[in-house]
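Here is a friendly walk through one protein model. Please keep the sequence and the 3D view open as you read.

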Amino acid sequence: MKLSLLFVGIFSAQAAESGLRVERLDSAVPIDETNSEHLDLEIEIDGERQLFPLLPGTRCPTGHTCRTRTISGNQSPMINSLKGNIKTNLAAHMDWIDLNHNLNTVVMSDNRCSRRQAMARAAGLAAGVAASVVASPAYAAETKEVLMGSDSGLLAFVPQKITVCAGDSVKWINNKSGPHNVVFDEEGIPAGVDQEKISMIDEQLGEEGESFVMKFDTAGEYAYYCEPHRGAGMQGVLVVT
């Protein structure tokens, strides 16, 4: 029952991002899990259709497609759904403690980065990825992109301000009106961070499409600029949370 409730939490988080409204039936009405209808909500994510099991008594959201799941005995439909997505033996290859921890984080945490990372790790565990792999910081990391020069040729970073999670990377792409580079303000970065290590010192990107990628582990605000166009106000801000 605890695992089923946790899956409702992770589904609710994803449903909220998609603008879905999930309606529950009157909780006072007893539900026969053996004979009742169990629904899977069909959602398209990154071009791929995926099914998310709903608890018995949850109506299909208006305007969306749900599929009926047939179960045997009194076993939760969410367990059947989970088993169907795992190619290896469930008991031998899934770390339930890690899974529950990550699902609890998705449901309870107020931190956006913690929820995002926990959701990615929980999804990996549910798909049968080894706990040692999903525990790696790089597993849940993302790379955000910043254009150097707007499409119309303005001397600006687009977006001018970006927020990432600790452990994420930023990829600056030479878009228009180069050459460009990324140099961090020594007085505008977190204490202890090596300004030269994260900056393009004596280096510039001349060709459109060239890029510079840097990973950020220390939380704080980072002020940076394009050295050739600093006088024109080409500056940016990176916030690591």
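## A word on pairing

Two strands count as paired if DSSP finds at least two bridges between them. With that in mind, F184 is a good place to begin: its bridge partner in β12 is Y224. Please remember that this is a predicted model.

## The four-stranded sheet

Let us step back to the sheet around that pair. Four strands make up an open sheet with mixed pairing, in the order β8-β13-β12-β10. The strands β8 (161–164) and β10 (183–184) stand at the edges with a single partner strand each, so one side of each has no neighbour in the sheet. β10 and β12 run antiparallel and are joined by two bridges. β12 (residues 220–225) in turn pairs with β13 (residues 235–240), again in the antiparallel sense, over six bridges. On the other side of the sheet order, β8 and β13 run parallel, with four bridges joining them.

Individual residues help to trace these pairings on screen. Y224, the bridge partner of F184, also has a bridge partner in β13, namely G236. Following Y224 therefore takes you from β10 through β12 and on to β13, each of these strands being a DSSP run numbered from the N terminus. Y225 stands opposite Q235 in β13, while K161 stands opposite V237 in β13. How many of the six residues of β13 are buried? Five of them are, so to speak, under cover, and the strand is mostly covered. In a regular strand, side chains alternate between the two faces of the sheet.

## A salt-bridge network around R116

Now for the charged pairs. How many salt bridges does a search of the whole structure find? It finds three. One of them joins E142 to R116, with the closest N and O atoms 3.2 Å apart. This pair links distant parts of the chain, 26 residues apart: R116 belongs to helix α5 (residues 112–126), and E142 to the loop between α6 (131–134) and β6. E142 is partly exposed at 34% relative accessibility, whereas R116 is buried, with a relative accessible area of 17%.

R116 also forms a salt bridge with D168, and here the closest N and O atoms are 2.9 Å apart. D168 sits in the loop between β8 and β9 (169–174) and R116 in helix α5, so the pair ties together parts that are 52 residues apart in sequence. D168 is buried, as is R116.

The side chains of K215 and D217 also meet in a salt bridge, at 2.5 Å from N to O. D217 is exposed, with a relative accessible area of 52%, and K215 is partly exposed at 44%. By contrast with a lone pair, R116, E142 and D168 are joined into one network by salt bridges that share partners.

## A negative patch and a close approach

Which residues form a negative surface patch? They are E186, E187, D194 and E196. E186 lies in the loop between β10 and α7 (195–198), and E186 is exposed, with a relative accessible area of 57%.

One more spot deserves a look. G153 is found in the loop between β6 (143–148) and β7 (157–158), and G153 is partly exposed, with a relative accessible area of 27%. G153 and S177 are 24 residues apart along the chain, and their C-alpha atoms are separated by 5.7 Å.

Technical notes:
Residues numbered from 1 in each chain as written. Predicted model: local features only at pLDDT ≥ 70, side-chain atom pairs only at ≥ 80, totals over all residues. Heavy atoms only, no water. Patch = residues over 30% accessible without salt bridge, like charges linked within 9 Å, V, L, I, M, F, W, Y side chains within 5 Å. Areas by Shrake-Rupley, 256 points an atom, 1.4 Å probe, with all protein chains shown as cover. Salt bridge = Lys/Arg side-chain N within 4 Å of Asp/Glu carboxyl O. Lys, Arg positive; Asp, Glu negative; His and termini not counted. Charge placed at Lys NZ, Arg CZ, Asp CG, Glu CD. Buried < 20%, exposed > 50% of the residue type's maximum accessible area, 1.4 Å probe, protein only.
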